[in-house]
Structure formats: C-alpha cells, structure tokens
Amino acid sequence: MSKYVIAVYVDNKPGVLTRVSSMFTRRGFNIDTLTVGEIENPAYSRITISLSGDEYTKNQIVVQLNKLHNVQMVKVLSDESTVKRELMIIKMKNTPNNRAEIMAAAEVYKGKIIDYSVSTISVEVTGEPVKIDAFIELMMPLGILEMCRTGIVAIERGAETMFSQE
Amino acid sequence: MKLSGSQIVIECLIEQGVTDVFGYPGGQVLNIYDALYNAGDRINHVLTAHEQGAAHAADGYARVTGKVGVVIATSGPGATNLVTGIANAMLDSVPMVAITGNVPTSLVGKDSFQEVDITGITLPITKHNYFVKDINELAACLREAFKIAKSGRPGPVLVDIPKDVQIATVEFEPEGVVESFPEKKVKDSKIAEAVRLINECEKPYIYVGGGVMSRNLGEDVMALSEKIDGCIGCTFMGLSSIPDSYERFLGMQGMHGHYASSMANKNADLIIGIGIRFSDRATGNTQKYSKGAKIIQLDVDGAEINKNIMVDAGLIGDIGDSLKRILSAVEEKSRPLWHEEFEKLKEDEKKIEKLNDEKSTSILPPKKVFEIINKHKDENTVIATDVGQHQMWAAQYTDFEKNRKFVSSGGLGTMGYGLGAAIGAQVGSHNKTILVTGDGSFGMNLNELATAVTYNLPIVVVLLNNGVLGMVRQWQTLFYGKRYSNTVLGRKTNFPLLAEAFGAAAYSAATVEEFEKAMAEAMKCEGPVLIEVAIEKDEFVLPMLPPGGSIEDIIVTIDKEETQ
C-alpha cells in the first residue's frame with residue numbers, strides 16, 4: 001500500500017463532482033480525501049484526491065477518470081517532489097487546566113488561535129497531514145469539542161506543472 | 001430561424017442523419033411529439049408497446065446499422081423504463097442517444113408528478129448525460145451527445161429536457177453531421193514491440209471482440225492470420241465479424257465457447273487481443289488465464305488495458321490503424337506445428353460434438369434447430385436473441401458470413417432484450433430478422449409483438465419452449481444438487497394462440513420435420529410469425545467452464561446419469 005496524490009482538472013459545471021465521486025463508488029475505489037475548488041480560469045476546477053492503495057488501483061483511477069467527459073486532465077503527483085497541505089480547525093474546551101497547554105502546542109505547531117471564548121478555544125493548524133495528525137493526538141486528552149479538516153491540496157515543486165506531462 | 005426547443009430536437013436529429021427513432025409519448029414530451037407530427041416525412045417514428053422495448057429497438061438498430069440509435073421517452077416512468085436498455089447499450093458499447101422529457105424547470109426538485117432525476121439515475125450507465133436547463137445550450141448538447149455516443153468506444157448518452165425548455169424559442173442554424181473525436185495513433189515504438197512479440201511467437205491466437213465488429217476489421221484480421229499462420233477466436237461480442245466459413249476461424253471462446261477456440265486460446269504462446277476486454281465470462285479464473293502466454297491488446301479505450309488481465313503490450317488508440325501497421329510490418333512466416341495443432345483441435349471438437357449428438361435422446365435437439373435456421377437464412381438475415389441457453393446455442397451454432405448480423409445482449413445479459421432488439425434490427429437492416437428466444441425471456445417483453453404486427457415487420461420468432469429457465473436450471477443441475485428453485489415455470493401459456501391474438505401468424509413444432517416445414521413457411525411470410533418449438537428441459541449448453549474455473553476445467557460432455 002502506497003499513498004498517492006492525484007490532481008484533476010475538470011469543467012467547472014454543476015454535477016461534475018457527482019460524476020467523479022459516483023465513478024469512485026461504482027468502481028469500488030476507496031479514497032482518503034477529496035478537495036475541489038475553482039482555479040484562475042473559472043472554466044475549470046481542480047480536484048485533489050489522496051488515497052492509499054496499490055499501483056493497480058491508482059492506475060485504474062487515472063484511466064477511469066480520463067474517460068469522464070468533463071475531466072480535462074489527470075496527473076499523479078510524485079510523492080517526493082510535491083508540496084502537500086491540509087488545514088484543520090479544532091475547537092477545544094477552555095478551562096484553566098488545559099488553556100496553557102493548548103496555547104503552547106498551537107505555538108509550536110505554528111497554529112493560530114482563531115476564536116476565543118469563555119468556554120472554548122478554536123485553533124487553526126496548517127501543514128502536511130502527519131503534522132495535523134500529531135496535533136490532534138496532543139489535543140485528544142485536553143477535550144476536543146469539534147474539529148474539521150479540509151483534505152489535501154497539493155502542488156509540485158519547481159518548474160513541474162499540470163501541463164508538463166509526458 | 002427561430003425555433004422552439006422541441007423543433008430544435010427534431011432538426012438536430014435530422015441534421016445528424018437520423019432517419020428512424022423509437023419511442024413512446026407522454027406528458028413531458030408532448031411538445032417533442034408535436035414537432036415530430038410535422039416531420040413525419042423526414043423522420044420515421046416507431047411506436048413500441050413499452051419504453052424498454054423502444055430502448056432495445058434503438059440498440060438493435062444501432063448494432064445492425066452502425067449508426068447512433070435514438071429513443072425518446074417521457075419523464076418519470078417513461079425515463080426509468082429506459083434504464084435497462086441504456087445499461088444494456090453501455091455494457092455492449094452500443095452508440096445510442098436517449099432523449100427524455102422532464103417536468104418544467106420551475107417544478108424540478110419538488111417531487112412533481114412523473115418527476116425523476118434521470119440524469120442521476122443513469123450517471124453510471126451512460127458515457128455522459130445532460131440535463132438541459134437553458135434553451136441556448138440545447139442544440140450544442142444534442143450535437144455533443146451524438147459525438148460522444150459514436151466516438152472511440154461507443155456508448156449511450158442521455159439528454160433530459162424540461163418541458164419549458166422544449167417550449168422556449170431560440171435562433172437555430174442547422175449544421176453538418178458531427179465528426180467523432182479523433183483517435184490517437186499508437187506510437188511507432190509500441191507497434192514495433194507488438195511486431196517483435198508476433199515475430200518471436202510460435203503459437204499465435206488472434207482474439208477479436210466487439211471492437212473488430214464495430215470497426216468492421218474482419219478482412220484485416222483474416223489477412224493477419226494468413227500472414228502469421230495463426231488462428232482466430234472471438235468473444236461473444238465479436239461474433240459475425242469473421243465469417244464462420246473461414247477456415248482459420250475457431251469461433252467464440254470462453255464459458256460456453258467452442259472447444260477448439262477455448263483450447264487454442266489456452267495453448268497459444270501469444271494472444272493478440274483486438275477490441276476485447278477480457279470479460280470474466282471469457283477468461284474464467286483470471287489467475288489461471290493463459291499463464292505463460294504473452295498478450296498484446298489493441299483497444300481504443302485505455303481503461304481496458306491491464307484492467308482484468310495484465311498484458312505485455314498495450315496499444316491504446318485507433319485499432320484499425322494499429323492493425324494495418326502491424327500487418328504490414330510483421331514477418332510472413334508459416335508455423336506448421338501450430339497450424340497442425342489448431343486443425344487437430346477442430347477435429348477433436350467435431351468428435352466431441354458427435355459424441356454429444358449420439359448421447360442426445362431429444363426428439364428435436366437444439367443443435368438441429370439451428371442447423372435448420374442456418375439452412376433457411378441467407379447472409380443478410382439478422383439473428384437476434386434473448387438471454388439464456390438458446391442464446392448460447394445461437395452463438396455456437398449460427399453461421400454468419402457478414403458483419404453486424406448478430407444482435408444479442410452480451411455484457412448485461414438482459415432477458416427480454418430480444419423482441420425489441422429484433423424490431424430495431426429489422427427497421428435498420430430492412431432484412432428478414434430471426435429472433436431466437438426462450439419461453440422465459442419471451443415472457444418478459446412479448447408485448448412488443450403488437451409493435452411487430454402494427455408495422456408488419458418480417459420477424460420470425462423461434463421460441464424454444466422447454467417450460468423451464470434452462471440456463472439457471474443447468475446450474476442448479478450441476479452445482480445446486482438439482483434443487484430447481486423457481487425455475488420450473490409450469491405456465492399454461494398457449495404461445496401460438498397468443499401470437500395470433502396479437503395478429504401474428506403462428507406455428508408449432510415438436511419434431512425435426514415439423515420445424516423444417518414451419519420454418520420454410522415462416523420465412524415466406526411478409527409479417528411477423530411465431531414458431532413455438534418444443535424442446536427437452538434437460539438439454540445442456542456445452543462446453544462449459546464451471547464457475548471459478550479456467551479453461552483447463554472445461555466440461556465438454558455430461559452423462560445424464562452422472563447428474564442423477
């Protein structure tokens with residue numbers, strides 16, 4: 001089992017995300033995360049998919065994506081030369097006993113306190129998924145009230161782009 | 001020229017070269033049918049008894065003509081009745097455009113009368129689909145639907161049009177027939193790799209599928225087999241693409257394939273797959289499939305390469321172009337040992353068939369039925385089938401000399417497909433069409449007899465009646481300890497009387513002589529005829545690969561006592 005990140009350019013039209021996700025269900029592909037957003041050209045959206053699987057599954061995902069009419073481009077991003085980021089917002093119980101520890105951890109992880117109330121503290125953390133995982137681990141005993149993560153967005157280092165395919 | 005949405009639908013169909021459509025009117029396609037009313041001299045509409053029949057008719061029409069089949073249905077139940085037909089076309093890569101009406105956009109999402117999300121429902125069973133909410137996009141969507149349906153690996157596309165879009169008007173300019181998307185030419189290095197594998201092999205088996213049928217590449221395939229001294233086998237979908245009289249053609253391989261073809265596939269050291277997809281019915285156990293053999297696969301659909309079977313050379317792109325380039329580059333070489341081997345396999349097959357013929361205690365064995373059909377048909381006769389034992393016998397025993405003469409549901413295995421498909425095939429080919437069906441399958445959509453009678457279509461329905469669901473029964477006999485759960489129909493249907501009630505001619509036959517006579521008379525009829533043929537309920541389709549087994553486990557003969 002390896003981890004893969006696949007970037008996909010799709011038409012920015014209603015229903016395209018459903019076409020992509022329905023194909024995953026139908027073909028029995030399991031994915032870890034999927035994010036989608038418009039790019040600089042509003043005609044397209046970029047979908048970033050992360051998955052753990054074997055090479056066969058990864059290849060099948062690529063070829064099956066390519067068959068969808070609204071999919072314009074598919075690229076598997078290489079693990080070593082790709083920058084991956086994920087954002088998390090986590091809401092913690094604010095008590096005299098845990099406050100200092102949350103703030104200290106947030107500082108070490110370069111997190112931001114984005115909301116503070118009498119009873120809660122919300123922290124925003126950005127980074128590679130492993131960093132987010134580690135932060136959650138730290139927060140676990142301190143009373144997590146709620147959390148959400150965006151899933152991975154990723155871009156290749158250096159001159160490589162979506163368009164520089166073989 | 002300002003036209004309404006429904007007029008645009010009709011004009012786009014005509015512009016795309018459509019001459020025949022199949023369908024059924026209803027509330028949300030009233031406007032389209034109203035526009036059709038004025039276009040009766042330019043487009044022929046065949047009204048079926050049920051939307052499913054219309055979908056299968058569009059499918060059968062597309063199979064025999066190579067054109068895009070078109071079906072029209074209303075919203076809600078009209079649209080959902082198309083679903084099986086669309087899925088059937090998807091699995092067999094049949095080009096089809098399905099047009100459905102929907103409730104006006106203001107009522108969409110409100111669970112309005114006869115509203116369903118048909119684009120959602122058909123998402124996984126179409127190549128693409130459209131929900132056209134803007135009249136300005138209608139013509140472009142329809143044209144693109146045709147383009148997608150016929151490009152690359154063909155398939156069905158659905159266009160759903162709300163009623164208000166059918167009523168709205170917009171400027172319309174007719175255009176020409178849309179071109180398919182251009183197909184990739186395979187790189188020289190890939191062709192060279194395939195040529196090297198062929199030159200180095202000793203036992204080449206050319207394995208052709210639906211791609212060869214839809215691109216009409218039979219001649220090139222035969223030329224390749226001559227040049228490399230190989231033999232040819234086919235998938236179910238490849239049937240009729242190579243003439244059965246061709247001496248290097250061993251017929252269909254796989255679960256119920258010809259012994260010689262399956263064994264040659266197993267013994268070959270090189271498999272040259274052209275327009276095939278290594279379906280589970282063709283390979284049996286994929287772990288054991290053609291171990292030790294090299295495999296070349298040519299397909300326009302890149303997703304078929306390394307999907308079910310890992311190959312040594314995958315040539316993704318225009319299969320006709322690749323085949324021609326391979327043909328001109330490959331060494332001409334005779335392979336006498338292999339030639340001798342596949343000729344011997346043909347002899348072995350004949351011996352096995354003879355043995356099975358001798359064992360048969362039937363008064364009218366199924367094989368005999370097909371011999372008689374072969375005698376009465378000509379090279380232009382279309383053979384349509386339903387699904388089950390009769391279908392496999394048809395695949396094994398019917399002789400085809402010309403391409404696109406076999407109309408049958410391969411991938412989806414749709415019982416009830418046959419009569420609708422035969423209607424479409426007859427309308428498309430203008431030739432005599434023989435539907436071979438069984439009492440189970442025929443029971444599913446026999447209402448289309450009404451359609452065949454209304455349009456006085458020369459369709460001969462050969463109904464093999466054994467009173468049971470024969471294929472399922474065969475499995476129950478062999479693998480479920482003869483526990484015939486719900487496969488004994490025990491119906492009292494009088495099929496000839498039923499056919500007559502619909503207005504068709506009818507015969508019944510229980511012996512070779514009776515069937516011979518009925519067939520001769522039926523072939524002379526101008527309209528639809530039904531021949532009910534009584535056959536034994538315990539006839540088997542042989543050979544057979546057992547479930548989970550591979551070609552090594554092929555069952556070629558069964559002693560009835562053994563199954564007691």
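What follows is a walk through a predicted model with chains A and B, starting with chain A and ending inside chain B.

Let us begin with the overall build of chain A. Its secondary structure comes to four helices and nine strands, and read from the N terminus these elements follow the pattern β-α-β-β-α-β-β-α-β-β-α-β-β. The C-alpha atoms occupy a box of roughly 55 × 35 × 30 Å along the principal axes. Of the 166 residues in chain A, 22% count as buried. If you look at contacts between residues at least 6 apart in sequence, 75% of them join residues at least 24 apart.

The domain assignment splits chain A into domain 1 (2-77) and domain 2 (83-153). Taken over C-alpha atoms, the centres of domain 1 and domain 2 of chain A are 29 Å apart. Where the two meet, domain 1 of chain A brings six residues to the contact and domain 2 of chain A brings five. On the domain 1 side, strand E2 (33-38) and strand E3 (44-53) of chain A each provide at least two residues, with E2(A) giving the largest share, three residues. By character, this side of domain 1 of chain A consists of two nonpolar and four polar residues, with no charged ones.

Chain A also touches chain B, and here the contact takes eleven residues from chain A and eight residues from chain B. Two helices of chain A are worth finding on this side: helix H1 (16-27) and helix H2 (55-67) each supply at least two residues. The largest share, six residues, comes from H2(A). The chain A side of this contact divides into one nonpolar, seven polar and three charged residues.

Now step into chain B, where a good place to start is an open sheet of six strands. Its order is E3-E2-E4-E5-E7-E6 (chain B), with parallel pairing. E3 and strand E6 (128-131) of chain B are the edge strands, each pairing on one side only. From one strand to the next, the twist averages 20°. Within this sheet, strand E2 (residues 20-23) of chain B runs parallel to E4(B) and is joined to it by two bridges; Gly23(B) has Ile72(B) as its bridge partner in E4(B). Helix H3 (residues 51-65) of chain B packs on the sheet, touching E2, E3, E4 and E5 of chain B, and its direction makes about 165° with that of E4(B). Helix H7 (residues 135-150) of chain B packs on the sheet as well, touching E5, E6 and strand E7 (156-162) of chain B, at about 165° to the direction of E7(B).

Helix H2 (residues 30-37) of chain B deserves a pause. Which of its residues are buried? They are Asn31(B), Ile32(B), Ala35(B) and Leu36(B). Viewed down the axis of H2(B), these buried residues fall within an arc of 145°, so they line one face of the helix. The general geometry helps here: an α-helix has 3.6 residues a turn, so residues three or four places apart point the same way. The buried residues of H2(B) pack against helix H1 (5-15), strand E3 (44-47), strand E4 (69-73), strand E5 (96-102) and helix H8 (163-167) of chain B.

Further along chain B you will meet another open sheet of six strands, in the order E11-E10-E9-E12-E13-E14 (chain B), with parallel pairing. Strand E11 (249-252) and strand E14 (313-316) of chain B stand at the edges with a single partner strand each, so one side of each has no neighbour in the sheet. Neighbouring strands of this sheet are turned by 15° against each other on average, direction ignored. Strand E10 (residues 231-234) of chain B pairs in the parallel sense with E11(B) over two bridges, and Ile232(B) finds its bridge partner in Phe249(B). Across strand E12 (270-274), strand E13 (294-299) and E14 of chain B lies helix H14 (residues 319-329) of chain B, running at about 135° to E13(B).

Our last stop is strand E17 (residues 433-438) of chain B. Why is E17(B) described as largely enclosed by the rest of the structure? Six of its six residues are buried, so the rest of the structure largely encloses it. Thr433(B), Leu435(B) and Thr437(B) point one way from E17(B), while Ile434(B), Val436(B) and Gly438(B) point the other way, and all are buried. This fits a general pattern: in a regular strand the side chains alternate between the two faces of the sheet. E17(B) pairs in the parallel sense with strand E15 (residues 382-385) of chain B over four bridges, and with strand E18 (residues 459-465) of chain B, also parallel, over six bridges. Ile383(B) has Ile434(B) as its bridge partner in E17(B), and Val436(B) has Val462(B) as its partner in E18(B).

Terms used: Residues numbered from 1 in each chain as written. Chains lettered and ligands numbered in written order. Predicted model: local features only at pLDDT ≥ 70, side-chain atom pairs only at ≥ 80, totals over all residues. Domains from an automatic or database assignment. Contact = placed C-beta atoms within 7 Å. Nonpolar A, V, L, I, M, F, W, Y, C, P; charged D, E, K, R; others polar. Buried ≥ 20, exposed ≤ 12 C-beta atoms within 10 Å, placed from the backbone. Pairing = 2+ DSSP bridges. Arc of directions from axis to C-beta. Axes fitted to C-alpha atoms, helices over the stretch in contact; angles between N-to-C directions.
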